[in-house]
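Me: Could you take me through this chain by way of questions and answers, keeping the criteria explicit?

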Amino acid sequence: MAEKVLLEAQNIHVNYGAIQALSGFSLKLMENEIVSVIGANGAGKSTFMNALMGMVKVAKGDIFFDGYPLSSQNYKIVRSGLSLVPEGRRIFAPLTVEENLKIGAFTRKDVSELKEDYDWVFSLFPILQERLKQYAGTLSGGEQQMLAIARALMARPRVLLLDEPSLGLAPIIIRGIFKELKRVNEQGVSILLVEQNAKQALLLSHRAYVLQTGRLLKEGLSKDLLEDRDIKAAYLGQSA
């Protein structure tokens, strides 16, 4: 695995009024790596993703992408190489699958290469090609999550951010989607994943960070955290 740091967040603080959502959280994502951030509901996971994408204001701290300060403007962040699959999918329900995918590519200038990326996302999620002219709002929950991921990939990101991709999905659908995320990573896309489904996240990722009420609780290799007594008890539903 390459040791080049692709994305780095240093000492990130985010406040919602008097409430501190993140208190000095730091994270590194290497090139070609999958990193997960796990924690209970309200731990600050989604806040961290929104901070990376410029959707919430960072009160203190710095974010670097490929060695340079990351812009705080959404479209510039996407253009620089980060793409988010938001919590709850947030597809455009009144638009077709095809129109949603086109929106995912809106920042791109290399229009001639779009067909290659359509072929790529259809190889990952063949059902989307079958549903191309179907309204996105009529898709099943699993299909909508596939569309949200495919839409993000149409931006051709170097880092794919996923916020709770397993939310509301059946276990068999989750396993299928996570299998395809592994393929995405094997094809050169680094992945940062935040999840309440700690076991699935740790099984997929190389390294992981554990957030608790906005602060780092633990970090390490995912395989080690799977065997950690405290993590087993608190997040994996197993006795210590």
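The turns below go from the whole chain to particular helices and then to a single residue.

Reply: This is a predicted model, in which local features need pLDDT of at least 70, side-chain atom pairs count only at pLDDT 80 or more, and totals for chains, interfaces and linings use all residues. Residues are numbered from 1 along each chain as its sequence is written, and side-chain values use heavy atoms, with hydrogens and water left out.

Me: What is the radius of gyration of the chain?
Reply: The chain has ten helices and ten strands, these being DSSP runs numbered from the N terminus (helices H or I, at least four residues; strands E, at least two). The globule rule, 2.2 Å times the number of residues to the power 0.38, gives 18 Å for 240 residues, and the value for the chain is close to that, so the chain is as compact as a globular protein of that length. Taken over C-alpha atoms, the radius of gyration is 17 Å.

Me: What percentage of the residues in the chain is buried?
Reply: Buried means under 20% relative accessible area, with a 1.4 Å probe and protein chains only. Of the 240 residues in the chain, the buried ones make up 51%.

Me: Why do the buried residues of H3 lie on the same side of the helix?
Reply: In helix H3, which spans residues 97–104, the buried residues are Val 97, Glu 98, Asn 100, Leu 101 and Gly 104. They lie on the same side of H3 because the arc that they cover around the axis is only 160°, an arc of the directions from the helix axis to the C-beta atoms.

Me: Which helices pack against the buried residues of H4?
Reply: The buried residues of H4 are Leu 114, Asp 117, Tyr 118, Trp 120, Val 121, Phe 122 and Leu 124. Helix H4 (114–124) is itself included in what covers the buried residues of H3, as are helix H5 (126–130) and helix H6 (141–153). By contact, meaning heavy atoms within 4.5 Å, the buried residues of H4 pack against H3, H5, H6 and helix H7 (171–186).

Me: Is Leu 70 buried or exposed?
Reply: Leu 70 sits in the loop between strand S5 (68–69) and helix H2 (74–80). Not counting residues up to four places away in sequence, Leu 70 touches Leu 52, Ile 63, Phe 64, Phe 65, Ile 77, Ser 80 and Leu 82. With a relative accessible area of 16%, Leu 70 is buried.

Key: Buried means under 20% relative accessible area, exposed over 50%, partly exposed in between (1.4 Å probe, protein chains only).
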